[in-house]
Amino acid sequence: MTVYLVGAGPGDPGLLTVRGAELLAQADVVVHDRLSAAELLDLAPDHAERIDVGKAPKAHRMTQDQITALLVERGLAGQTVVRLKGGDPFVFARGSEEAAALAAAGVPFEVVPGITSALAVPAYAGIPVTQRFSSTSFTVVTGHEDPSSGDGTVDWDAVARVGGTIVILMGVGRWPQIAARLIAAGRSPDAPAAAVRWGTRPDQHTTRATLATLGDHDLAAPSVIVVGGVAAEELDWFTTRPLFGRSVVVTRARAQASALSSALRTLGAEVVEAPAIEITDPDDGGAALRAAVADLASYDWLVVTSPNGVARTFEHIPDARALARTQVAAVGSGTAAALARHRITADLVPASFVGDALLDAFPAPPEAGGRVLLARAAVARDVLPDGLRAAGWGVDVVDAYRTRPVPVTGAQAEAVAAADAVTFASSSSVANLVDAVGRDGIPAVIASIGPVTSDAVRDHGLAVTAEADPHTIDGLVAAVLAALA
């Protein structure tokens with residue numbers, strides 16, 4: 001039984017530490033803040049309980065005492081508990097109070113530092129907190145003190161006199177008083193000041209003004225406020241990315257969404273993950289596939305049409321030497337890359353990444369006849385097997401996997417409808433998402449991975465804005481970029 005106090009960083013899921021990711025993968029329970037990136041919860045096992053204890057101004061799901069009691073209770077119950085806290089657990093995050101309570105109760109705990117918003121948020125806004133030639137120190141101070149401390153415990157006069165950069169966390173609510181104290185203590189009212197709201201997230205917004213005038217703007221929590229000469233710097237890199245401010249829906253199965261989601265986030269997009277499908281075993285549990293693979297030497301060709309087909313097929317091929325007498329054909333570079341991860345080089349990959357193109361490139365069978373094993377999704381077009389049979393091949397089609405619809409929550413449906421674009425990487429994802437949210441709930445910009453998926457979009461009465469070329473994840477990202485840029 002251990003409770004891990006894990007710093008989640010200020011918002012960008014990529015700022016989670018490696019240790020934090022390792023612990024989330026082992027968690028029985030995740031107790032998380034409002035500021036934690038929702039994507040981080042996906043790192044926990046499916047069976048892990050997720051408890052939202054996030055606090056908003058004047059709206060707490062749980063009091064701090066209730067949160068602490070929950071951690072102690074679950075720790076004593078022998079569960080592996082990850083307390084996922086925004087920023088760093090020991091930087092104005094009450095992590096020390098939680099650690100003290102756990103120690104008093106005899107519950108083992110570990111503190112996993114996180115990247116504090118005091119440093120990350122200014123950096124994402126292009127504001128360096130120090131500069132060699134102008135600001136050689138910085139002070140981090142809370143603007144939200146213990147209410148029982150009366151006038152507060154922060155010596156704002158000393159903070160003003162120390163010089164350098166001042167970084168104020170949780171200070172929006174008391175900003176007029178804080179600014180007045182700093183000016184009264186000698187800070188110039190004309191000193192540059194900036195408030196960065198939702199820093200490191202796709203909806204980051206920076207307000208730049210002076211110490212005297214920042215309060216004239218519409219500030220809102222959560223914001224990091226920076227005061228000092230560095231606040232005038234605009235070394236922007238985050239908000240200048242081509243998809244910043246745009247939201248894109250990813251409908252791939254959750255286990256496969258990471259590459260597409262990561263690429264879109266790198267371009268600045270907010271990713272709405274609404275997996276419309278999940279990959280499951282075929283109805284026979286894979287019995288037909290196991291039997292066919294056991295007799296693999298009797299086939300002239302193994303044909304796989306997707307990375308999922310490769311993954312499922314190679315679960316039953318313990319040794320690549322089983323393919324010594326069998327050639328392998330792959331539809332698409334992604335499928336060929338999946339084969340390569342098993343140290344198999346595809347003998348045939350058609351120039352166009354669709355099954356129809358494979359027919360054009362496929363060799364004629366030998367005079368004595370030949371056999372093809374086609375491992376594919378349980379529900380798929382019959383163009384490929386019918387075409388191979390027409391060419392004289394004997395074809396055995398086995399179900400390697402099945403795609404099933406995933407329920408879409410009300411919150412997901414709202415996020416999908418509000419998004420700027422949606423990506424589809426399969427026909428089944430089109431059908432399932434349209435069934436879940438209706439045609440009116442699909443964003444106007446639709447990017448498809450290839451012609452078969454595009455046909456499915458049109459079959460549902462929708463228009464394809466952009467089609468990937470080549471028909472790969474990289475091509476799909478490029479199509480989104482072209483459509484939204």
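**Entry 1: the helix H1 pair**

I began with arginine 19 and glutamate 22, which both sit in helix H1 (residues 18-24), three residues apart, or about one turn of the helix. The model I am reading is a predicted one. I looked up the side chains of arginine 19 and glutamate 22 and found them joined in a salt bridge, N to O 3.5 Å. I then checked exposure for each partner. Arginine 19 has a relative accessible area of 33%, so I list arginine 19 as partly exposed. Glutamate 22 comes out at 37% relative accessibility and is also noted as partly exposed.

**Entry 2: the helix H12 pair**

Next I looked at arginine 389 and aspartate 386, whose closest N and O atoms are 3.7 Å apart in a salt bridge. Why are the two about one helical turn apart? They are three residues apart in helix H12 (residues 383-390), and therefore about one helical turn separates them. I recorded a relative accessible area of 41% for arginine 389, which makes it partly exposed. Aspartate 386 has 44% relative accessibility, so I put aspartate 386 down as partly exposed too.

**Entry 3: a buried pair and its network**

I moved to arginine 83 and aspartate 33, whose side chains form a salt bridge at 2.8 Å, N to O. This pair connects distant parts of the chain, 50 residues apart. Arginine 83 belongs to strand S6 (residues 80-85), and aspartate 33 lies in the loop between strand S2 (29-32) and strand S3 (49-52). Are these two residues buried or exposed? I find both arginine 83 and aspartate 33 buried. I also traced a network of salt bridges that links Asp33, Arg83, Lys85 and Glu98. For the whole structure I noted 19 salt bridges.

**Entry 4: the largest nonpolar core**

I turned to the largest nonpolar core, which has 24 residues. Which members touch the most others? I wrote down Val304, Phe314, Leu323, Leu339 and Leu373. I then listed elements that each give this core at least two residues. The helices are H8 (287-294), H9 (307-314) and H10 (333-340). The strands are S16 (301-304), S17 (327-330), S18 (371-377) and S19 (394-405). A second, separate core has 21 residues, and I noted Ile168, Ala195, Ala209 and Leu211 among them.

I looked up the contacts of valine 304, leaving out neighbours within four places in sequence. The list includes Gly309, Val310 and Thr313. It also has Ala329, Ala330 and Val331, and then Thr335, Leu339 and Ala375.

**Entry 5: helix H9**

I checked how well H9 is covered and found six of its eight residues buried. Which residues of H9 are buried? They are Asn308, Gly309, Val310, Arg312, Thr313 and Phe314. I followed the buried residues of H9 to their packing partners: strand S15 (277-280), H8, S16, H10, S18 and S19.

**Entry 6: H9 against H10**

I looked up the geometry of this helix pair last. The axes of H9 and H10 are 8 Å apart, and the two helices pack at an angle of about 25 degrees. Angles under 35 degrees count as roughly parallel, and H9 and H10 are therefore entered as roughly parallel to each other. I noted the crossing of H9 and H10 as right-handed. At the interface, Pro307, Val310 and Phe314 of H9 meet Gly334, Thr335, Ala338 and Leu339 of H10.

Note on methods. Residues numbered from 1 in each chain as written. Predicted model: local features only at pLDDT ≥ 70, side-chain atom pairs only at ≥ 80, totals over all residues. Heavy atoms only, no water. Core = buried A, V, L, I, M, F, W, Y, C linked by side-chain atoms within 4.5 Å. Buried < 20%, exposed > 50% of the residue type's maximum accessible area, 1.4 Å probe, protein only. Helix = DSSP H or I, 4+ residues; strand = E, 2+ residues; numbered from the N terminus. Contact = heavy atoms within 4.5 Å. Salt bridge = Lys/Arg side-chain N within 4 Å of Asp/Glu carboxyl O. Axes fitted to C-alpha atoms, helices over the stretch in contact; angles between N-to-C directions. Parallel < 35°, antiparallel > 145°, perpendicular 65-115°, else oblique. Left-handed = near helix turned anticlockwise from the far one by under 90°.
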